[in-house]
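Trainee: Please take a close look at one part of this structure, a pocket and what lines it. Then connect that part to the rest of the chain.

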Amino acid sequence: MPQLGRLVSDLGPDKVLLDRPDRVLYRYDAIAEGAVPLAVVLPQTAEDVARVVRWSNEEGVPLFPRGAASGLSGGAVPTEPGVVVAFTRMRRLRIEAARRLAEVEPGVVTHEISEAARPHGLYYPPDPASYKQSTIGGNLAENAGGPQCFKKGVTGDYVAGLEWVDAEGAVHRSWREAYDAAGLLVGSEGTLALITRAWLRLEPRPRHTRTLMAHFPEVGAAAEAVSRAIADGVVAAKLEFMDAACIRAVEDAFHLGLPTEAAALLLVDTDGDDLEVVEEELERVAAACREAGGAVHRAADAVEAERLWQARRAVSPALGRIHPHRMNEDIVVPRSRLPAVVRRIQELGKAYGLPLAQFGHIGDGNLHPNILFDPKTTPEERVHELAHAIARVALEHGGVLSGEHGIGLTKRAFLAEALDGATLAALHRIKRAFDPGGRFNPGKVLP
Ligand SMILES: Cc1cc2nc3c(=O)[nH]c(=O)nc-3n(C[C@H](O)[C@H](O)[C@H](O)COP(=O)(O)OP(=O)(O)OC[C@H]3O[C@@H](n4cnc5c(N)ncnc54)[C@H](O)[C@@H]3O)c2cc1C
């Protein structure tokens with residue numbers, strides 16, 4: 001049995017949770033459930049984190065890093081009774097406006113960065129729909145994306161540098177140079193190192209934004225509109241997709257006035273400093289939607305635009321209201337394949353007789369097919385079979401398994417099909433080089 005008493009004396013009693021009712025709360029993320037941890041550590045500094053790592057080495061206990069646990073691939077879930085390192089108390093945030101940089105600790109909630117940068121006319125573009133809950137540590141570990149990522153890029157594109165604790169308990173600072181260790185740690189899902197600080201690039205806020213909603217009588221037509229608009233050279237600020245199941249779920253839950261008869265809808269923003277260009281881009285998207293058979297509605301003002309985007313952010317909670325259990329996919333396919341892929345996935349849902357909802361950052365080719373199920377009436381094997389079939393659709397169309405939610409626990413088994421043996425072996429060598437004892441987030445990512 002590991003010496004938890006020494007962990008408490010190393011860190012101080014206020015930073016370690018040992019009571020079972022407290023520990024049980026740290027076995028979940030937003031999609032999966034794992035083992036009850038032996039202890040939960042709430043570090044306040046990088047030195048606290050380093051102490052925990054050194055203790056875990058001496059005691060041979062695995063560590064499971066955790067941010068806000070909004071993850072959708074089981075990444076923060078303990079796969080065995082180890083110690084959860086929850087970063088929620090590391091929340092220092094400093095804006096360096098002159099350098100357009102934010103210096104943040106991992107427990108800072110994503111949207112707080114843009115709020116802190118607002119008085120300087122700056123913002124932090126990566127905007128996962130969970131941005132009011134997720135932490136920047138979780139975003140870095142998953143390389144999170146969001147509606148703006150089609151135009152602005154994902155979390156990793158904004159990383160200037162990282163501070164991290166290695167498997168020996170040493171603290172490092174890496175910039176985007178040499179072997180780009182910071183780049184390697186972005187998206188490493190807590191399996192290579194523990195991130196204790198980040199320097200993130202900020203951007204000036206665009207002066208103008210325009211918004212439209214287009215709805216379609218058939219799901220593939222929405223995807224065709226996206227392919228047309230992008231082929232026409234449009235770079236929308238946001239380009240999001242919801243199918244009929246999502247539209248109805250959101251409308252039933254929140255009554256936002258969405259067209260419930262539609263088979264799919266797109267939400268689109270264009271933005272920039274030149275109003276003429278912003279308007280022209282929106283008009284080109286509108287034309288592509290009409291050509292694909294869609295009906296277009298332009299938001300009259302910022303208030304209506306915000307209401308439409310609220311609908312997009314409400315998709316996950318609204319689906320959760322219908323069925324608290326769901327299997328969430330995160331595939332990315334080439335944009336030209338989108339119409340075929342959304343149609344095929346819809347057919348698969350029907351063939352399996354399981355409720356299936358699709359939404360996502362379609363401008364990036366990133367789709368989130370969600371299988372909704374009740375474990376009391378639907379065998380989980382059937383759900384996994386359908387999830388596997390969807391993953392295969394992505395691979396057959398030249399796509400990948402994860403755009404932003406990570407491989408974590410839930411997609412780990414599929415990775416063996418997605419990667420060739422030599423590549424997988426190279427990834428295992430990277431893991432061993434960073435974490436020879438296999439104590440950082442074991443049982444995740446690599447099969
Ligand atoms: C309603 C909803 C909408 C969502 N929308 C999006 C979206 O649009 N885009 C998107 O990308 N994701 C989205 N997600 C998924 C989720 O919010 C993201 O994956 C987010 O990045 C997770 O952040 P977190 O703080 O909750 O991390 P957690 O779930 O706690 O952890 C995620 C991973 O990060 C690791 N980790 C956490 N902190 C550290 C650290 N300091 N050092 C090393 N590893 C660490 C964990 O071990 C785990 O592997 C959504 C989730 C929900 C519930």
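Mentor: I will take the second largest pocket, whose lining is made up of 13 nonpolar, seven polar and eleven charged residues. Keep in mind throughout that this is a predicted model. The volume of this pocket comes to about 850 Å³. Its lining counts 31 residues, and those nearest the centre are R118, Y131, Q148, R205 and K238. Four elements contribute at least two lining residues each: the helices α4 (110-117) and α11, and the strands β12 (208-216) and β14 (264-272). Of these, α11 is the main contributor, with five residues.

Two of those elements can be followed outward through salt bridges. Start with β14, which supplies at least two residues of the lining. D271 makes a salt bridge with K151, with 2.7 Å from N to O. This contact joins distant parts of the chain, since D271 belongs to strand β14 and K151 to helix α6 (residues 149-152), 120 residues away. The two partners sit in unlike surroundings. D271 has a relative accessibility of 7%, which is under 20%, so D271 is classed as buried. K151 is at 31% and therefore counts as partly exposed, between the limits of 20% and 50%.

The other element to follow is α4, which also gives at least two residues to the lining of the second largest pocket. Here E112 pairs with R91, and their closest N and O atoms are 2.5 Å apart. Because R91 lies in the loop between β4 (83-86) and β5 (93-96) while E112 lies in helix α4, this bridge ties together parts 21 residues apart in sequence. Both partners are partly exposed: R91 has a relative accessible area of 42%, and E112 has 23%.

α11 (302-313) leads to the largest pocket. That pocket has a volume of about 1,000 Å³. It is lined by 49 residues, with S70, G71, S130, S134 and N139 closest to the centre. The elements giving two or more residues to this lining are β3 (63-66), α5 (136-142), β10 (194-201), α11, α12 (315-322) and β16 (325-328). α11 thus appears in the lists of contributors for both pockets. In the largest pocket, however, α5 provides the largest share, five residues. By class, this lining holds 19 nonpolar, 21 polar and nine charged residues.

Two loops next to contributors of the largest pocket have a backbone feature to check. N143 lies in the loop between α5 and α6. Its phi is positive, near 50 degrees, although N143 is a residue other than glycine. At 23% relative accessibility, N143 is partly exposed. This loop runs between α5, the main contributor to the lining of the largest pocket, and α6, the helix that holds K151. E189 lies in the loop between α7 (181-185) and β10. E189 also has a positive phi, about 55 degrees, without being a glycine. With a relative accessibility of 8%, E189 counts as buried.

The bridges of D271 and E112 belong to a wider set, as the search of the whole structure finds 35 salt bridges. One of them joins E59 and R6, with the closest N and O atoms 3.5 Å apart. E59 is in helix α3 (residues 46-59) and R6 in helix α1 (residues 4-11), so this pair connects parts 53 residues apart in sequence. Each partner is partly exposed, E59 at 22% relative accessibility and R6 at 26%. Salt bridges also form a network that links R92, R94, E96, R99, E103, E105, E163, R173 and R197.

Last, the surface includes a nonpolar patch. It consists of L184, L427 and I430, which together have about 190 Å² of accessible area. I430 belongs to helix α16 (residues 421-434). Its relative accessible area is 31%, so I430 is partly exposed and also passes the patch cut-off of over 30%.

To return to the part you asked about: the second largest pocket draws on α4, β12, β14 and α11. E112 in α4 is bridged to R91 in the loop between β4 and β5. D271 in β14 is bridged to K151 in α6.

Key: Residues are numbered from 1 along each chain as its sequence is written. This is a predicted model: local features need pLDDT of at least 70, side-chain atom pairs count only at pLDDT 80 or more; totals for chains, interfaces and linings use all residues. Side-chain values use heavy atoms; hydrogens and water are left out. Patches are made of residues with over 30% relative accessible area and no salt bridge: like charges are joined within 9 Å, nonpolar side chains (Val, Leu, Ile, Met, Phe, Trp, Tyr) within 5 Å. Accessible areas come from the Shrake-Rupley method with a 1.4 Å probe; for residues, only the protein chains shown count as cover. A salt bridge is a side-chain nitrogen of Lys or Arg within 4 Å of a carboxyl oxygen of Asp or Glu. Buried means under 20% relative accessible area, exposed over 50%, partly exposed in between (1.4 Å probe, protein chains only). On a 1 Å grid over the protein atoms alone, a cavity is a set of points where a 1.4 Å probe fits but cannot get out, and a pocket is an open set with protein on both sides within 12 Å along at least five of seven lines; lining residues have an atom within 4 Å of a point. Grid points are joined across faces, edges and corners, and a volume is the space filled by probe spheres set on the points. Ala, Val, Leu, Ile, Met, Phe, Trp, Tyr, Cys and Pro count as nonpolar, Asp, Glu, Lys and Arg as charged, and the others, Gly among them, as polar.
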